[in-house]
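Please go through the model below with its sequence alongside. The text starts from one helix pair and works outward.

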Amino acid sequence: MKGWMQRFSRVAGLSRLANLCLESACPLCQRSTAQALCLDCQRQLQHLRLSPSQQTWRSPLPIFAWGSYSGSLKRALTTLKYENQPQLARPLGDWLAQSWLQFAQTSEKMPEKSLLEKSLIVVPIPMHLAKQQQRGFNQAELLAEAFCQRTRLPLNPHVLMRNRSTEAQFGLSIAAREQNLADAFTLNETVVHSLKRSPHAVLLLDDIYTSGATARSAAQTLRQQNIAVYGIVTVAKTTIAKTTIAKTTAAKT
Ligand SMILES: [Zn+2]
């Protein structure tokens, strides 16, 4: 019995040691955690989650956003992208998937869902290749991987290609953004042929939805080739667009 106890405590000790070794600093607050985010930061982020009634899932390009682009969610996405913390995409993409599934199953805002879900294909908004090589990853693609793992929807990151870097978007007015993004994407012809053989509807996925210009441009590129676009899902949605529109309108009048 004594020997068993000793073995047990040695195993428990080793397991604690293994857990300690697996723990790393939470990328948002630097506290030690065995997960991608510590529990405190997870709780803070959950406060920014949008309710089903706050979703604007309607034509011409329905959008579903997990949360509001502010506070800790803004910090999490900035950290993911600019502080090389790609592991943050896993919890965020998973939360987006969970909320989306719940919304798809319960909301009356999503008609014909059973029909469309069968043929949905998830397409992350691509980055310009040079930019992606510089960063080492495309955050939308990593989020889409986590999203698809939970939803079991097929992922295809090769449908769209970005023609040029559109980083200069920041600070531009809505009209200037739209112009900048016109023809920003091209379709991968090989993938498009296979998509057309068995009809699919594309569900776009991006990390942030601001003015919607990027999403509209991607959707337009797909629809021009008769590929249906179901909508866009995004981790965070900002309300900056409204302010910018207001400022732009105010400046014009
Ligand atoms: Zn934390």
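Helices α4 and α7 cross with right-handed geometry in this predicted model. Their axes approach within 7 Å, at an angle of roughly 50 degrees. An angle of that size is neither under 35 degrees nor in the range 65 to 115, so α4 counts as oblique to α7. On the α4 side, the residues making the contact include Ala 89, Leu 92, Gly 93, Leu 96, Ala 97 and Trp 100. On the α7 side they include Leu 142, Leu 143, Ala 146, Phe 147 and Arg 150.

Helix α4 covers residues 89-106, and its 18 residues should span 26 Å at 1.5 Å a residue; the C-alpha atoms at its ends are 26 Å apart, in agreement with that expectation. Which residues of α4 are buried? They are Ala 89, Leu 92, Gly 93, Trp 95, Leu 96, Ala 97, Ser 99, Trp 100 and Phe 103. An α-helix has 3.6 residues a turn, so residues three or four places apart point the same way. Leu 92, Leu 96, Ser 99 and Phe 103, among the buried residues of α4, can be followed along the helix with this in mind. The cover over the buried residues comes from elements including α7 (139-151), α3 (71-82) and the strands β3 (63-68) and β8 (228-237).

Those two strands lead to the sheet. Four strands, in the order β3-β8-β7-β4, make an open sheet with parallel pairing. β3 and β4 (120-124) are its edge strands, each paired on one side only. On average, neighbouring strands are turned by 20 degrees against each other, direction ignored. Between β7 (residues 201-209) and β8 the parallel pairing runs over eight bridges. Leu 205 has Val 233 of β8 as its bridge partner.

Two helices can now be placed against these strands. α4 lies across β3 and β8, and runs at about 125 degrees to β3. Helix α10, residues 213-224, lies across β7 and β8, at about 165 degrees to β7.

What remains is a position in the loop between β3 and α3, where Ser 70 is found. Is Ser 70 buried or partly exposed? A residue needs 20 or more other C-beta atoms within 10 Å to be buried, and 12 or fewer to be exposed. Ser 70 has 13, and is therefore partly exposed. Lys 237 lies 167 residues from Ser 70 along the chain, yet their C-alpha atoms are separated by 8.8 Å.

Definitions and conventions
Residues numbered from 1 in each chain as written. Predicted model: local features only at pLDDT ≥ 70, side-chain atom pairs only at ≥ 80, totals over all residues. Expected span 1.5 Å × (residues − 1). Contact = placed C-beta atoms within 7 Å. Pairing = 2+ DSSP bridges. Axes fitted to C-alpha atoms, helices over the stretch in contact; angles between N-to-C directions. Parallel < 35°, antiparallel > 145°, perpendicular 65-115°, else oblique. Left-handed = near helix turned anticlockwise from the far one by under 90°.
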